[in-house]
Amino acid sequence: MAITEAWIWLENEGMIAPQIKLGRDWVYVTRQGKQLLEYSDVSTYLKGKLIPEGVLDPVLTRKVRPLFIRGDYDTAVFQAFKEVEIRVRKATNLPVTSLGVDLMRKAFHPDSGILTDFTGAPAERQATSDLFAGAIGLFKNPSSHRDVNWEDAGECAELIYLADYLLRLVERHAKRKKTQPADL
């Protein structure tokens, strides 16, 4: 039964495929299967499936995904949220001395933030400010100052996806700002 289950897994993952000319009883190792052979272990392959290629923001794909696959979770989470900080600073043109939680509070201040959506309800504007400040304060800042042991690959992947979502929000808010009249 174990061999049958393993065979089915190999087929479902696209590691093996039938030899069309020879019939279903004959298979070959696919390109993806050969790639799995290059990994040092199957766990590396499975980590890559948690964050598939091409799903994340291109910068996160280039900088964060390799760290994650290697199992360097604390650095991967730090890099992901550092990128959020960098993009917020770039979108707001605030000085490099604006950092971390303070930067997020300035950028998304409910009444005066450069990236604030003033068409939203006051509570939503406050919540957006809290979301960005909280994410940076909880996930980037600790890694800046000490070792943080993110041991769970699934939890780490979720945090990277959170950073990816925050980057999309920054892009959306920045794009909206460019199209709004100056008096808003």
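Which residues touch the most other members of the largest nonpolar core? They are Phe 68, Phe 81, Val 84, Val 88, Phe 132 and Ile 160, out of 37 residues in that core. Keep in mind that this is a predicted model, where local features need pLDDT of at least 70, side-chain atom pairs count only at pLDDT 80 or more, and totals for chains, interfaces and linings use all residues. Residues are numbered from 1 along each chain as its sequence is written, and side-chain values use heavy atoms, with hydrogens and water left out.

**The core**
- A nonpolar core here is a set of buried Ala, Val, Leu, Ile, Met, Phe, Trp, Tyr and Cys residues joined through side-chain atoms within 4.5 Å.
- Two or more residues each come from α5 (65-70), α6, α7 (100-107), α8 and α9 (153-179).
- The top contributor is α9, with 11 residues.

**Where α6 meets α8**
- The axes (lines fitted to C-alpha atoms over the stretch in contact) of α6 (residues 73-92) and α8 (residues 122-145) come within 9 Å and cross at roughly 130°.
- That makes α6 oblique to α8, a word for angles from 35 to 65 or 115 to 145 degrees.
- Among the residues making the contact (heavy atoms within 4.5 Å) are Phe 78 and Val 84 of α6 and Phe 132 and Ser 143 of α8.
- Phe 81 also touches Leu 159, Leu 162, Ala 163 and Leu 166, among others.

**Thr 61**
- Thr 61 sits in helix α4 (residues 58-63); helices are DSSP runs (H or I) of at least four residues, numbered from the N terminus.
- Thr 61 is buried (under 20% relative accessible area, 1.4 Å probe, protein chains only), at 16%.
- Leaving aside neighbours within four places in sequence, Thr 61 is in contact with Glu 53, Leu 56 and Pro 66.

How values were computed. Axes fitted to C-alpha atoms, helices over the stretch in contact; angles between N-to-C directions. Buried < 20%, exposed > 50% of the residue type's maximum accessible area, 1.4 Å probe, protein only.
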